[in-house]
Amino acid sequence: MRSSGVARGRLAPMSSPESHIAAAVGRVRPAVDALPAYKPGKAAEQAEREHNIAEAIKLASNENPYPPPAAVVEAVAEACRSGNIYCDHRATAVREALADRLQLAVEQVTVGAGSVALLYQLATAYIDPGDEAVTPWISFEAYPISVQTMGGTLVRVPLTAGHVFDLDAVAAAVTERTKLVLLATPNNPTGTAVSTAAVTELAASIPGDVLVLVDEAYREFADPALGDPVTELLPRFDNVAVARTFSKAYGLASLRVGYVMAHPEIVSAIDKCLIPFNVNGLAQAAALAALGDDAASEAQAHIDAIKAERGRVAAALAADGWDIPDAQANFVWMHLGDRTDEVCIGLERRGVVVRPFSGIGIRVTIGTPAQNDRFLTTLAEVAQPV
Ligand SMILES: *Cc1c(COP(=O)(O)O)cnc(C)c1O
């Protein structure tokens, strides 16, 4: 321990090696010390090692089962050639292409290393210690981490019995301490969605200095009749921001590029918290190519296939007697309560890796038809509806 000798002189005797390390190496902020670690979905290879099995499949991270569009793969390979040169810090070309496509001013668009990075930038820009963010819960697990990193508190408003957002309760939870409202629609992990009309009502009922982030990571899989917060909310509410991503629908999860549309003042606050060159050159090339016509139609074919499979999986589960909430994203949610861990492990031992939310339920990503069949047959071996 290089630093422990320095610290030892002014520290009380340590009771365990762990506490010695924690106390001696720097002085981590209490907010960070208390953070839960973000838990990514388990890799298929890890499940194979743990259970000594072969050919596991991962339906645990809402990944697109299809590779990125061909034009994206080509553009990224080409961009590698300029890997020695720093990319454009602001990803200007991507902002311009998005603004053009979304019919917004370029000042209303920002690009980040995945929409999760933009969420962290938003928390960095708006949350001071003691500030609150409000979100329906259960929802995206990056929300508590990003808010608590800044010393803020995430106020969690329970979902209804039908696993949907109670937006009246969300509005009622907004206080003078509230800086942000975080709404994932479709929601992760329940897959349920709220309409833009319902979000409009919420936005109209809370103070204009509370920022509402509508997180549409799964928008492309949802029923278009739910509405469009970019066209319906942004012109009306300066305090609404909309986040979208190339990770899910376009299959670019590992390339890390997402975007936020909002009032220019919000965009510039988010931009101030952008880590230099965080949206790397390969990610920028990928996003630009993804916005081209060929890539977009290839991605749309994948989205259509995933939606069709979602319908098939949901119908098969319902036919088996499972009660599945309306699935508007690229996954289904099974509310299993106390049986969650047992069902998850049972599936995993048979090579089907899903995402457990201990004591609440499992989230199962829609994969290829063969993967989905494997999930359905394996589930029937492992568990029956009660
Ligand atoms: C997957 C997901 C994201 C997007 O993540 P990226 O950082 O863009 O890969 C954002 N919000 C929710 C709710 C998600 O599930």
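Helices here are DSSP runs of H or I with at least four residues, strands are E runs of at least two, and both are numbered from the N terminus. With that in hand, here's a quick tour of the open and enclosed spaces in this predicted model. The largest pocket holds about 600 Å³ of space, and a second one holds about 280 Å³. There's also 1 cavity of 30 Å³ or more, plus a ligand with 93% of its accessible area covered by protein.

**Enclosed cavity**
- Both α7 and β7 put at least two residues each into the lining of the largest cavity.
- α7 is the top contributor to that cavity, with 4 residues.
- The volume of the largest cavity comes to about 40 Å³.
- Its lining is made up of S115, L118, L119, L122, L213, A241, A243, V260 and I270.
- By class, that's 8 nonpolar residues, 1 polar and no charged.

**Largest pocket**
- You've got about 600 Å³ to work with in the largest pocket, and 36 residues line it.
- Closest to the centre of this pocket are Y38, S61, V116, F140 and K248.
- At least two lining residues come from each of α7 (115-126), α8 (142-149), β6 (211-215), β7 (240-245) and β11 (355-357).
- Once again α7 gives the most, here with 4 residues of the largest pocket's lining.
- The class split for this lining is 18 nonpolar, 9 polar and 9 charged.
- The largest pocket sits between domain 1 (44-62 + 295-382) and domain 2 (70-292), because both give residues to its lining.

**Second largest pocket**
- This one has about 280 Å³ of space, with 15 residues in its lining.
- R101, E220, Y250, Q300 and I303 are the closest to the centre of the second largest pocket.
- α6 (92-102) and α14 (293-319) each chip in at least two lining residues, and the largest share, 5 residues, is from α14.
- Its lining breaks down into 9 nonpolar, 1 polar and 5 charged residues.
- Domain 1 and domain 2 both supply residues to this lining too, so the second largest pocket also lies between them.

**Ligand surroundings**
- Around the ligand you'll find G114, S115, V116, F140, N188, D215, A217, Y218, T245, S247, K248 and R256.
- A polar side-chain atom of Y218 is 2.6 Å from a ligand oxygen.
- For V116, a polar backbone atom is 3.0 Å from an oxygen atom of the ligand.
- K248 has a side-chain N or O atom 3.4 Å from a ligand oxygen.
- On its own the ligand has 390 Å² of accessible area, and the protein covers 93% of that.
- Some of these names turn up elsewhere: V116, F140 and K248 are among the ligand's surroundings and among the residues closest to the centre of the largest pocket, while S115 is also part of the cavity lining.

**Backbone oddities**
- As a reminder, most peptide bonds are trans, and most residues other than glycine have a negative phi.
- The T185 to P186 peptide bond is cis, with omega near -5 degrees, and P186 sits in the loop between β5 (178-184) and α10 (196-205).
- The bond from N188 to P189 is cis as well, with omega near 20 degrees, and P189 is likewise in the loop between β5 and α10.
- N188, at the start of that second cis bond, is one of the residues around the ligand.
- Q103 isn't a glycine, yet its phi is positive at about 55 degrees; Q103 lies in the loop between α6 and β2 (109-112).

Technical notes. Residues numbered from 1 in each chain as written. Predicted model: local features only at pLDDT ≥ 70, side-chain atom pairs only at ≥ 80, totals over all residues. Heavy atoms only, no water. 1 Å grid on protein atoms, 1.4 Å probe; cavity = no way out; pocket = protein on both sides within 12 Å on 5 of 7 lines; lining within 4 Å. Points joined across faces, edges and corners; volume = space filled by probe spheres on them. Nonpolar A, V, L, I, M, F, W, Y, C, P; charged D, E, K, R; others polar. Domains from an automatic or database assignment. Near = heavy atom within 4 Å. Polar contact = N/O pair within 3.5 Å; in protein donor to acceptor, adjacent residues only side chain to side chain. Areas by Shrake-Rupley, 256 points an atom, 1.4 Å probe, with all protein chains shown as cover.
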